[in-house]
Amino acid sequence: MKILVVDDELDIKTLFQQRFRREIRNGELNFDFAHSGEEALSYLETHFSEVVLILSDINMPGMSGIELLRRIRTDRPSAPPTVMMITAYNDDENFNQAKKYGADDFLTKPIDFANLKQKLTHSL
């Protein structure tokens, strides 16, 4: 399963690689990373058919995760990947907007990796 993680925090890559070391080594999960909504859209231009899941932070400088989600759902309505939104805030407005644009699930920061692993296991 190819997963695109979109987050402006640069240490997120190391964190995911540490927490999913076994799954990566066994070839069960393959992570790619984008550090902005714009970078994610650029990546998806050439890799969209490979990506099964997008994990996107909501609050990022430049293009927000909400705008990224809206663009994904608008540009690729026929076969959108699963999109989980990540936020540090328990914010009803962002939650409602993300639901409106088709978010499949939500995670809060700090990420509960045991919970995320369980969700990904059900997706495998």
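## P81, the sheet and what packs around it

P81 touches F48, V51, V52, L53, I54, I72, R73 and D104, leaving out residues up to four places away in sequence. In this predicted model, P81 sits in the loop between α4 and β4. Its relative accessibility is 6%, so P81 counts as buried, the cut-off being under 20%. For a sense of how the chain folds back here, take S49: 32 residues separate S49 from P81 in sequence, yet their C-alpha atoms are 8.7 Å apart.

Now for the sheet itself. What is the strand order? The sheet is open, has 5 strands and reads β2-β1-β3-β4-β5, with parallel pairing. The edges belong to β2 (30–34) and β5 (105–108); each has a single partner strand, so one side of each has no neighbour in the sheet. Going from strand to neighbouring strand, the average turn is 20°, direction ignored.

Here is how the pairs line up, with one bridge for each:

| Strand pair | Bridges | A bridge in the pair |
|---|---|---|
| β1 and β2, parallel | 5 bridges | V6 with A34 |
| β1 and β3, parallel | 5 bridges | V6 with S56 |
| β3 and β4, parallel | 5 bridges | D57 with I86 |
| β4 and β5, parallel | 4 bridges | M85 with F106 |

V6 turns up in two of those rows: its bridge partner in β2 is A34, and in β3 it is S56. As for how well hidden β3 is, 6 of its 7 residues are buried, so the strand is mostly covered. At the other end of the order, β4 and β5 are linked through a helix: together with α5 they make a right-handed β-α-β unit.

Two helices that lie on the sheet are worth a look. α1 lies across β1, β2 and β3, and runs at about 170° to β2. α4 also packs on the sheet, where it touches β1, β3 and β4, and its direction makes about 170° with that of β4.

Let's stay with α4 for a moment. Which of its residues are buried? Within α4 (residues 65–75), they are G65, I66, L68, L69, I72 and R73. Looking down the axis of α4, these buried residues fall within an arc of 160°, so they line one face of the helix. The cover over them includes β1 (2–6), α3 (37–47), β3 (51–57), β4 (82–87) and α5 (92–100). Two of the buried α4 residues, I72 and R73, are also among the contacts of P81, which ties the loop that follows α4 back to the helix.

On the α5 side, N94 is a residue to click on. N94 belongs to helix α5 and, with a relative accessible area of 13%, is buried. Setting aside neighbours within four places in sequence, N94 is in contact with I58, N59 and I66. I66 is one of the buried residues of α4, and α5 is among the elements that cover that set.

Then there is D7, in the loop between β1 and α1 (12–19). Is D7 buried or exposed? At 1% relative accessibility, D7 counts as buried. Its side chain has two polar partners to look at. A polar atom of the D7 side chain lies 2.8 Å from the backbone nitrogen of E9, and the D7 side chain also makes a polar contact with the side chain of K109, at 2.9 Å. Beyond four places in sequence, D7 touches I12, A34, H35, D57, M60 and K109. Some of these names are familiar from the sheet: A34 is the β2 bridge partner of V6, and D57 has its own bridge partner, I86, in β4.

K109 brings up a last point of interest. What sort of peptide bond joins K109 and P110? The bond is cis, with omega at about -5°. In general, most peptide bonds are trans. P110 lies in the loop between β5 and α6 (113–123). So K109 appears twice in this account, because its side chain makes the polar contact with D7 and its peptide bond to P110 is the cis one.

Technical notes. Residues are numbered from 1 along each chain as its sequence is written. This is a predicted model: local features need pLDDT of at least 70, side-chain atom pairs count only at pLDDT 80 or more; totals for chains, interfaces and linings use all residues. Side-chain values use heavy atoms; hydrogens and water are left out. Buried means under 20% relative accessible area, exposed over 50%, partly exposed in between (1.4 Å probe, protein chains only). The arc is that of the directions from the helix axis to the C-beta atoms. Contact means heavy atoms within 4.5 Å. A polar contact is a pair of N or O atoms within 3.5 Å; within protein, one must be able to donate a hydrogen and the other to accept it, and residues adjacent in sequence count only if both atoms are side-chain atoms. Two strands pair if DSSP finds at least two bridges between them. Axes are lines fitted to C-alpha atoms, for helices over the stretch in contact, and angles run from 0 to 180 degrees between N-to-C directions. A crossover is right-handed if, with the strands pointing away from the viewer, the path from the first strand over the helix to the second runs clockwise.
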